[in-house]
Amino acid sequence: SPEGIEGNHELMCRHVESYPAWVLAVVIPMWTAIAFASVWVARRVGDGISAIVAGALLTFAVAFNQAILPYPLWFKVGCLMVAPLAAVAGGIRRRRPKTDTEN
């Protein structure tokens, strides 16, 4: 964020309102990738509980960010749809196909 904006909610809101639509459109796939990758790693390194906690924290972070800043409605809806879905997709445990040596 620009210098001098920290701690000033009104200036931050004005700054966010000036974002071009293309910047916001790029952020939605970025949130999707972050949510998926974070939960996927949490699931592989930890367990199902780790994946749930990571997904819940990311979803909360997205929702909180959307609630306190004046983003356009399409951006709020887009982020609040894709981040939780990507988190769920990242947490799904996929079974590996058996190899001939495992039979």
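This note sets out points on helix packing, the nonpolar cores and one buried glutamine in a predicted model.

1. Basis. The model is predicted, so local features need pLDDT of at least 70 and side-chain atom pairs count only at pLDDT 80 or more, while totals for chains, interfaces and linings use all residues. Residues are numbered from 1 along each chain as its sequence is written, and side-chain values use heavy atoms, with hydrogens and water left out.

2. Helix packing. Helix α2 (residues 21-45) packs with helix α4 (residues 73-91) at an angle of about 20°, and their axes are 7 Å apart. The two are therefore roughly parallel, a term for angles under 35 degrees. By class, their contact has 18 nonpolar, four polar and two charged residues.

3. Largest core. A nonpolar core is a set of buried Ala, Val, Leu, Ile, Met, Phe, Trp, Tyr and Cys residues joined through side-chain atoms within 4.5 Å; buried means under 20% relative accessible area, with a 1.4 Å probe and protein chains only. The largest has ten residues, including Cys13, Leu24, Val62 and Phe75. Helices α1 (9-17), α2 and α4 each supply at least two of its residues, and α4 gives the most, with three.

4. Second core. Another core, of eight residues, lies apart from it; Ala35, Val39, Ala42 and Ala51 are among them.

5. Glutamine 66. This residue lies in helix α3 (residues 48-68) and counts as buried because its relative accessibility is 3%. Not counting residues up to four places away in sequence, glutamine 66 touches Tyr71, Phe75, Lys76, Cys79 and Leu80, where contact means heavy atoms within 4.5 Å.

Notes
Axes fitted to C-alpha atoms, helices over the stretch in contact; angles between N-to-C directions. Helix = DSSP H or I, 4+ residues; strand = E, 2+ residues; numbered from the N terminus. Parallel < 35°, antiparallel > 145°, perpendicular 65-115°, else oblique. Nonpolar A, V, L, I, M, F, W, Y, C, P; charged D, E, K, R; others polar. Buried < 20%, exposed > 50% of the residue type's maximum accessible area, 1.4 Å probe, protein only.
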